[in-house]
Amino acid sequence: MESSVILVETVETKPTPAPEVSGFESEAFSVLYTEHARAVYYLALRFLGDPTQAEDVTHDVFLKAYRKLDQFRGEAAVRTWLYRITVNHCQNLRQTWYQRHIVATDNDRVWETAPSPTDSPLRVLEIKELGERIQRALEALTEEYRLLLLLVADERMSYDEVAALTQQTTDAVRGKLHRARKAFTQAFQKTA
Amino acid sequence: MKQNFSKATEAQQTAAQEQAQQAQTGVEFKTVEELLRHDAAQVQPPKSLMTRLQQSLKQEIRPPAWWKRWFS
């Protein structure tokens with residue numbers, strides 16, 4: 001059974017403004033930034049759970065894209081290419097962090113502090129708390145499940161593209177996504 | 001007149017009840033992906049990122065011609 005989510009209010013959003021730069025090349029870069037900055041930042045934010053790190057990653061991803069565009073062969077969509085850079089960067093950061101810190105897993109803490117489940121597994125009463133709850137639920141998942149959910153949530157990404165990006169078959173992605181959704185729903189319920 | 005007042009009060013009560021019920025039920029998301037898409041729509045990269053990127057780009061060498069080829 002798929003889960004449902006209840007929200008009380010919504011927030012109007014605006015498109016991401018591009019850096020003010022001049023000249024054709026810079027203008028082209030502005031287009032790239034405007035179209036993809038929000039997606040890259042969101043992936044980094046929810047994957048790492050740290051706004052400062054997400055900002056650093058987004059900065060580095062676009063700088064790298066600016067430098068390495070000659071290596072982009074057009075075999076994948078630009079979004080996929082940017083996501084590949086983002087995922088590599090995030091994974092490197094996490095690896096470095098884990099090497100420096102030996103701590104108990106966050107998962108245990110989520111379960112210990114979570115109140116009893118409510119009647120609706122994904123009920124949200126305040127929009128303000130939604131981001132925090134999503135973050136906590138994502139952090140309770142394995143890195144792979146978290147990444148798959150974030151990637152398929154992007155409507156521009158097909159299952160085939162997600163499979164190529166995560167270096168596995170489309171069938172494997174589908175199977176893991178089924179389990180990832182289930183795990184997320186359970187984790188989200190425990191954050192209520 | 002009294003009846004009209006009574007009807008109006010009743011209508012107000014019904015409206016209030018509907019509002020309260022709506023607040024309780026809210027908007028329903030059918031999938032986890034829908035929830036994440038909604039969440040993504042609320043998130044904006046910080047403005048400081050633009051400034052940082054602008055500064056970093058200024059320090060870069062003029063971009064090569066592939067930019068022009070690629071976007072033309």
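In the predicted model, helix α2 of chain A meets helix α3 of chain B through a defined set of residues. On the α2(A) side these are Glu55(A), Thr58(A), His59(A), Phe62(A), Leu63(A) and Tyr66(A). Their counterparts in α3(B) are Leu49(B), Arg52(B), Leu53(B), Ser56(B) and Leu57(B). By class, this contact of α2(A) with α3(B) holds six nonpolar residues, three polar ones and two charged ones. Phe62(A), Leu63(A) and Tyr66(A) are among the nonpolar residues, as are Leu49(B), Leu53(B) and Leu57(B). The charged pair consists of Glu55(A) and Arg52(B). Thr58(A), His59(A) and Ser56(B) count as polar.

The geometry of the pair is as follows. Helix α2(A) spans residues 51–68, and helix α3(B) spans residues 47–59. The two pack at an angle of about 35°. Their axes lie 10 Å apart. The crossing of α2(A) and α3(B) is right-handed.

Chain A, which contributes α2(A), has eight helices and two strands. Read from the N terminus, its elements follow the order β-α-α-α-α-β-α-α-α-α. Chain A comprises 192 residues, of which 35% count as buried. Among contacts in chain A with a separation of 6 or more, 70% come from residues 24 or more positions apart.

Chain B, which contributes α3(B), comprises four helices and one strand. From the N terminus, the order in chain B is α-β-α-α-α. Of its 72 residues, 15% count as buried.

Conventions
Residues are numbered from 1 along each chain as its sequence is written. Chains are lettered from A and ligands numbered from 1 in the order in which they are written. This is a predicted model: local features need pLDDT of at least 70, side-chain atom pairs count only at pLDDT 80 or more; totals for chains, interfaces and linings use all residues. Axes are lines fitted to C-alpha atoms, for helices over the stretch in contact, and angles run from 0 to 180 degrees between N-to-C directions. A crossing is left-handed if the near helix is turned anticlockwise from the far one by less than a right angle, and right-handed if clockwise. Two residues are in contact if their C-beta atoms, placed from the backbone, lie within 7 Å. A residue is buried if 20 or more other C-beta atoms lie within 10 Å of its own, exposed if 12 or fewer, and partly exposed in between; C-beta atoms are placed from the backbone.
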